[in-house]
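Thank you for making room for this on the agenda. I would like to walk through one structure, going from the overall fold to the cores and then to the charged side chains, and I will put it on the screen now.

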Amino acid sequence: MDHNTALLVIVDAANVVGSVPDGWWRDRRGAAERLRDRLAADGLAGHSGPVDIVLVVEGTARGVEPAPGVRVEAAPGSGDDRIVELVAEAAGRHRLVVTADRELRRRVTDLGADVTGPRAVRG
């Protein structure tokens, strides 16, 4: 896969996992792993081209391992800050950030990224 032409999808794990009150708070790492597995199996619904998926985890979800088709980035501090860094590092690529966080949406769109909400990857 040509990583420069594939859509870069950066997923805010904490925000997506937290978008549904299904008990995720009892096992944040397990919830992030389930999201990773769903991304690995389903990719990005409605997108037929190649995608590079990056799942950004923070806090107690650090330590989640990558899966085929899903790179995992453990934020050393704020997950939002790491997402902004990833968007900036990929300048020139088509980037899509999955989050409902208003401030994060503003920060990444200022850098030219597109945004979509958690439903795009929640199934």
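Let me begin with a term: I will call a residue buried when its relative accessible area is under 20%, exposed when that value is over 50%, and partly exposed in between. Please also keep in mind that this is a predicted model. By that definition, buried residues make up 45% of the 123 residues in the protein chain.

As for the overall fold, the chain has five helices and five strands, and if you follow the sequence from its start, the elements come in the pattern β-α-α-β-β-α-β-α-β-α. The radius of gyration is 13 Å, close to the 14 Å that the globule rule gives for 123 residues, so the chain is as compact as a globular protein of that length. Its C-alpha trace spans about 40 × 30 × 25 Å along the principal axes. If we consider the contacts between residues at least 6 apart in sequence, 58% of them join residues at least 24 apart.

Now to the interior. In soluble globular proteins, nonpolar side chains tend to be buried together. Here the largest nonpolar core holds 23 residues, and the members that touch the most other members are Val9, Val11, Leu35, Leu39, Leu55 and Val121. At least two residues of this core come from each of β1, α1, α2, β2, β3 and β4. There is also a second, separate core of 14 residues, and Ile10, Val54, Val56 and Val87 are included in it. To return to Leu55 for a moment, its contacts beyond four places in sequence include Val11, Ala32, Leu35, Leu39, Val70 and Val72, and they also include the charged residues Arg36, Arg71 and Glu73.

Helix α3, which runs over residues 79-89, deserves a closer look, as Gly79, Asp80, Arg82, Ile83, Val84, Leu86 and Val87 are buried there. What do the buried residues of α3 pack against? They pack against strands β1, β2, β3 and β4, and against helix α4. At the N-terminal end of α3, Ser78 acts as a cap, with a side-chain oxygen 3.2 Å from the backbone nitrogen of Asp80.

That brings me to the charged side chains. Side chains of opposite charge can pair when their charged atoms come close, and this structure holds 10 salt bridges. One of them lies within α3, where the side chains of Arg82 and Glu85 meet at 2.9 Å, N to O. These two residues are three apart in the helix, about one turn. Arg82 counts as buried because its relative accessibility is 14%, whereas Glu85, at 41%, counts as partly exposed.

Helix α4 offers another example, in which Arg106 forms a salt bridge with Glu103, the closest N and O atoms being 2.6 Å apart. Arg106 and Glu103 are three residues apart in α4, so about one helical turn separates them. Both are partly exposed, Arg106 with a relative accessible area of 40% and Glu103 with 43%. Arg106 also meets the side chain of Asp110 in a salt bridge, at 2.8 Å, N to O, and Asp110 is exposed, with a relative accessible area of 55%. Elsewhere, salt bridges that share partners join Arg71, Glu73, Arg82, Glu85 and Glu89 into one network.

Against that background, consider Arg95, which lies in strand β4. Which side chain of opposite charge is nearest to Arg95, and how far away is it? That side chain is Asp114, at 8.0 Å, and Arg95 is buried yet has no salt bridge; the cut-off for a salt bridge is 4 Å, so this pair does not qualify. The side chain of Arg95 does, however, reach two backbone oxygens, that of Val87 at 2.8 Å and that of Gly112 at 3.5 Å. Its contacts beyond four places in sequence include Leu7, Leu8, Ala90, Leu111 and Ala113.

I will finish with Arg122, which is found in helix α5. Leaving aside neighbours within four places in sequence, Arg122 is in contact with Val16, Val17, Ser19, Val20, Asp22 and Arg38. Arg122 and Arg71 are 51 residues apart in sequence, and their C-alpha atoms are 18 Å apart in space.

How values were computed: Residues are numbered from 1 along each chain as its sequence is written. This is a predicted model: local features need pLDDT of at least 70, side-chain atom pairs count only at pLDDT 80 or more; totals for chains, interfaces and linings use all residues. Side-chain values use heavy atoms; hydrogens and water are left out. Buried means under 20% relative accessible area, exposed over 50%, partly exposed in between (1.4 Å probe, protein chains only). Helices (H or I, at least four residues) and strands (E, at least two) are DSSP runs, numbered from the N terminus. Contact means heavy atoms within 4.5 Å. A polar contact is a pair of N or O atoms within 3.5 Å; within protein, one must be able to donate a hydrogen and the other to accept it, and residues adjacent in sequence count only if both atoms are side-chain atoms. A nonpolar core is a set of buried Ala, Val, Leu, Ile, Met, Phe, Trp, Tyr and Cys residues joined through side-chain atoms within 4.5 Å. The radius of gyration is taken over C-alpha atoms; the globule rule is 2.2 Å times the number of residues to the power 0.38.
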